[in-house]
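I opened this notebook to record what I looked up in the structure, entry by entry.

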Amino acid sequence: MAILRCNNCSYLREVPNEHVGKTVKCPVCEQASAIHDTVVFVKKLIDKYGVLLGKYRELEQAGNPVAEVARSDIRLLKGEEIDLHNTAVMTNSMQYKPIISWFERKNIQVEVNHNALDTQGFYDEVAVELGDNFPALQDVLDKIRKAQRNNYASVVLNLNDYSQKEIKTITSFCKNLYEFSFVAKYFYNKNEKRVHLTLQSMSAIVGFFNGEWLEWYVFMKLLKHFFESKGLFSCLRSFNIQFANEDKYEVDVFFLINGRIPVFIECKSGEFRSFIEKYSKMRRRLDIEKENFLLLVLGVSDEQVLGLTKMYDITFVNESGFIKHIVGLVTQ
């Protein structure tokens with residue numbers, strides 16, 4: 001059934017669907033009133049509610065900023081108050097409560113992984129360094145991953161064909177890998193221009209280089225953006241959702257912006273084509289707009305991003321363009 005809703009006297013009633021789009025006289029006050037598709041009407045109502053809720057929280061925060069920091073879906077305030085690379089503030093259930101509520105309204109349960117939100121370790125710092133310098137560090141990553149797959153204990157990097165700037169970037173990164181214990185040993189032979197790395201075999205480190213680093217990178221870059229822009233947001237990373245029929249999936253990164261704009265991001269650092277159908281179906285099950293449901297594929301060109309997005313029912317982005325795309329969602 002469609003909805004007749006009078007903006008003058010708030011009269012509301014259901015009418016047959018074939019009247020959608022028509023304008024009729026309100027039976028109470030006789031003012032011209034539109035007939036709306038029910039789903040469209042409810043979605044617009046929810047959007048307006050989200051905007052008003054965001055404004056309310058801004059006013060509440062302005063009136064009592066100390067209390068706001070202590071409660072849910074907070075707007076992170078000043079840069080000097082929180083070190084994003086060394087904090088457990090995101091693990092506070094009040095921070096991600098709006099996301100839990102968003103999924104629960106769709107009858108979907110959420111299982112949070114607090115370790116994926118705690119930045120007191122060094123995964124986030126290494127991920128950001130790797131992502132920000134990926135063109136220069138791609139070969140380093142590829143060699144480490146290849147060695148891990150073949151159960152090799154060490155990696156040798158020949159830097160003779162690199163520029164001085166690239167060598168500085170690579171050696172600095174490798175040194176940090178050692179400082180943060182991502183590798184057991186590091187040595188750079190300046191005369192031969194060779195880096196020697198002794199690898200760690202722990203599953204967490206292997207998993208990081210095998211793709212988890214990209215999740216950390218996307219999460220931290222978005223966190224930094226909304227933190228610095230003083231945006232109202234909630235966020236989760238590497239968590240599980242379970243539908244009413246008990247279908248269970250892992251979600252890489254999810255942000256809820258201004259209390260109403262969902263951003264779903266799946267990160268792929270390798271093969272992605274076999275996952276397109278899976279995530280197209282998931283987008284429809286979650287009822288998220290195409291532009292808000294992102295498959296971030298490492299290393300694809302801007303031309304591929306546009307072409308793939310045109311072809312399929314989800315939005316493709318790469319590591320250099322995802323923030324711009326998400327900012328566009330907020331400013332629409």
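In which sense do strand 7 and strand 8 pair, and over how many bridges? I noted first that the model is predicted. I then found that strand 7 (residues 183-189) runs antiparallel to strand 8 (residues 194-199), with 6 bridges in the pairing. Within this pairing I looked up tyrosine 186, whose bridge partner in strand 8 is leucine 197. The two strands form a hairpin, and 4 residues lie between them. In that turn I noted lysine 193, which has a positive phi of about 55 degrees.

**Entry: the sheet around strand 8**

I next looked up the sheet to which this hairpin belongs. It is an open sheet of 3 strands in the order 6-8-7, and the pairing is antiparallel. Strand 6 (154-158) and strand 7 are the edge strands, each pairing on one side only. On average, neighbouring strands here are turned by 15 degrees against each other, direction ignored. For strand 6 and strand 8 I recorded an antiparallel pairing over 5 bridges. I also recorded that asparagine 158 stands opposite arginine 194 in strand 8.

**Entry: helices on this sheet**

I asked which strands helix 5 and helix 6 lie across. Helix 5 lies across strand 6 and strand 8, and its direction is at about 150 degrees to strand 6. Helix 6 lies across strand 6, strand 7 and strand 8, and runs at about 150 degrees to strand 7.

**Entry: helix 5 against helix 6**

I then examined how these helices meet. The axes of helix 5 (residues 134-149) and helix 6 come within 9 Å and cross at roughly 45 degrees. Helix 5 is therefore oblique to helix 6. I noted the crossing as right-handed. From helix 5, the residues in contact are Ala136, Leu137, Val140 and Ile144. From helix 6, they meet Glu166, Thr169, Ile170, Phe173, Cys174 and Leu177. By class I recorded 8 nonpolar, 1 polar and 1 charged residues in this contact.

**Entry: helix 4 against helix 6**

I looked up a further partner of helix 6. Helix 4 (residues 123-132) and helix 6 (residues 164-179) have axes that come within 11 Å and cross at roughly 165 degrees. This crossing angle makes helix 4 roughly antiparallel to helix 6. The crossing is left-handed. Val126, Glu129 and Leu130 of helix 4 make the contact with Ser172, Phe173, Asn176 and Leu177 of helix 6. I classed these residues as 4 nonpolar, 2 polar and 1 charged. I noted that Phe173 and Leu177 of helix 6 appear both in this contact and in the contact with helix 5.

**Entry: the sheet of strands 1 to 4**

What is the order of the strands in the open sheet of 4 strands? I found the order 2-1-4-3, with antiparallel pairing. Strand 2 (12-15) and strand 3 (23-25) each have a single partner strand, so one side of each is left without a neighbour in the sheet. I recorded an average turn of 35 degrees between neighbouring strands, direction ignored. Strand 3 and strand 4 (residues 32-36) pair in the antiparallel sense over 3 bridges. In strand 4, serine 33 stands opposite valine 24.

**Entry: helix 7**

Where does helix 7 bend? I located the bend of helix 7 (residues 203-228) at glycine 211, with an angle of about 70 degrees. After helix 7 I noted lysine 230, whose phi is positive, near 55 degrees.

Terms used: Residues numbered from 1 in each chain as written. Predicted model: local features only at pLDDT ≥ 70, side-chain atom pairs only at ≥ 80, totals over all residues. Heavy atoms only, no water. Axes fitted to C-alpha atoms, helices over the stretch in contact; angles between N-to-C directions. Parallel < 35°, antiparallel > 145°, perpendicular 65-115°, else oblique. Left-handed = near helix turned anticlockwise from the far one by under 90°. Contact = heavy atoms within 4.5 Å. Nonpolar A, V, L, I, M, F, W, Y, C, P; charged D, E, K, R; others polar. Bend = angle between axes of the 7 residues up to and from the residue. Pairing = 2+ DSSP bridges.
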